[in-house]
Amino acid sequence: DIKRAPTLLGEADLIRQIQTMPGVTTVGEAASGFNVRGGSVDQNLILYDGLQVFNSSHMFGFFSVFNTEAIRDVNFYRGAVPAEFGGRSSSVLDIRSKEGNYNNWEFSGGIGIISSNIMASGPVVKNKTSVAASIRTTYSDWLLNTVRSNYLSLENSSVTFYDGSLKIGHIFNEKTKLVASGYLSHDRFRLQGDSTFQWDTRMASVRLDHEFNKKLSGFFFAGIGTYSYDVSDEGVSSGFNLRYAITHPTFKVDFLYQPGQHKVSFGGQMIDYQFQPGELIPASGQSIVRPVKMDTQRSQEWAAYLTDDFEIM
């Protein structure tokens, strides 16, 4: 459905399609965030393979950080959010990336005006181990260099991004499967004679699915994600590097018990937030900038849930 919808510069965009749904409004013309039923952007929980995504946009909101070629399915909850998705009051956007094909190799991709992407998936060991990999990159610098203005020169400016994902799955037997996934996103922006701005998202996770019996299944998850923002200046006497970062190791355990008409879900999670409020260092030995490093702050989030879905006959 996303690929069949109208695109911007040939690039299918998941967040743009979310914004067309009832009850969802855009934050602004050049922003990739969204508001749901009067809530603010920070009240939306965005998950990619079970880990939080703090920045969902490339190029100041013109593109989302999610390559549609690598997405398996998307669940978007605008109300009646399931109990296992605690922590946000507006909505949940749960994105799962594709697993590799366990039987045959497959390739897909696309070439656009601003960016291109490629996706490959196939078996490492047939019917046992598979791998799926995707990468998307931009070559938008040429577009900036074609802009002519009497007030602003963009000839030596730069705006680039890339993102990639890797997913490896292994089937031990018909009851147990292990999946490891990784994701990387990078943006860089610089105007001529100005500072360079960079922001990165890095995530890695492992998930073990096991069926204990016909009624009880368990899902065990461990992952770590980092979002960082950097500002740098290459001046000889005033050059500096300023960095902020959030690291969030995440552990989750979920169980599904299905006795008769009931569907009982229960489990818990722990997120250990580690905040680096700011670190300022000189860019070279000639810089007069004094180094400053703020203390790392930590906060833990614990949660447990129990829910029962059943049909009244």
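In this predicted model, D254 is placed in strand 17, which spans residues 250-257. D254 is buried but takes part in no salt bridge. The nearest side chain of opposite charge is that of K252, at a distance of 4.4 Å. A salt bridge requires a side-chain nitrogen of Lys or Arg within 4 Å of a carboxyl oxygen, so a pair at that separation is not counted. The side chain of D254 does make a polar contact with the side chain of Y305, at 2.7 Å. When neighbours within four places in sequence are set aside, the contacts of D254 are S217, G218, F219, F266, G267 and Y305. Y305 therefore appears both in the polar contact and in the list of residues in contact with D254.

D254 also belongs to the lining of the largest pocket, whose volume is about 750 Å³, and D254 is among the lining residues nearest the pocket centre. The lining comprises 31 residues, and those nearest the centre are D94, R96, R207, F219 and D254. F219 is at once one of these central lining residues and one of the residues in contact with D254. Several strands each supply at least two residues of the lining. They are strand 7 (71-77), strand 8 (91-97), strand 13 (176-190), strand 14 (196-211), strand 15 (216-233), strand 17, strand 18 (262-282) and strand 20 (297-310).

At the level of the whole chain, 2 helices and 20 strands are assigned. The chain has 313 residues, of which 42% count as buried. Among contacts with a separation of 6 or more, 57% are between residues 24 or more positions apart.

The structure holds 9 salt bridges, and three of them are described here. Side chains of opposite charge can pair when their charged atoms come close. In one case, D163 and R136 meet through their side chains, with an N to O distance of 2.7 Å. D163 lies in strand 12 (residues 158-173) and R136 in strand 11 (residues 129-138), so this salt bridge ties together parts that are 27 residues apart in sequence. D163 counts as buried because its relative accessibility is 2%, and R136 is likewise buried, at 1%.

A further salt bridge joins D272 and R298, whose closest N and O atoms are 2.3 Å apart. The pair ties together parts 26 residues apart in sequence, because D272 lies in strand 18 and R298 in strand 20. Here D272 counts as buried, at 7% relative accessibility, whereas R298 is exposed, with a relative accessible area of 58%. Strand 18 and strand 20 are also among the strands that contribute at least two residues each to the pocket lining.

Another salt bridge is formed by R243 and D230, with closest N and O atoms 3.7 Å apart. This pair links distant parts of the chain, R243 being in strand 16 (residues 240-247) and D230 in strand 15, 13 residues apart. R243 counts as partly exposed, at 32% relative accessibility.

Towards the N terminus, T26 is found in strand 1 (residues 24-26). T26 is partly exposed, with a relative accessible area of 36%. The C-alpha atoms of T26 and V41 are separated by 9.6 Å, and the two residues are 15 residues apart along the chain.

Note on methods:
Residues are numbered from 1 along each chain as its sequence is written. This is a predicted model: local features need pLDDT of at least 70, side-chain atom pairs count only at pLDDT 80 or more; totals for chains, interfaces and linings use all residues. Side-chain values use heavy atoms; hydrogens and water are left out. Helices (H or I, at least four residues) and strands (E, at least two) are DSSP runs, numbered from the N terminus. Buried means under 20% relative accessible area, exposed over 50%, partly exposed in between (1.4 Å probe, protein chains only). Lys and Arg count as positive and Asp and Glu as negative; His and the chain ends are not counted. A polar contact is a pair of N or O atoms within 3.5 Å; within protein, one must be able to donate a hydrogen and the other to accept it, and residues adjacent in sequence count only if both atoms are side-chain atoms. Contact means heavy atoms within 4.5 Å. On a 1 Å grid over the protein atoms alone, a cavity is a set of points where a 1.4 Å probe fits but cannot get out, and a pocket is an open set with protein on both sides within 12 Å along at least five of seven lines; lining residues have an atom within 4 Å of a point. Grid points are joined across faces, edges and corners, and a volume is the space filled by probe spheres set on the points.
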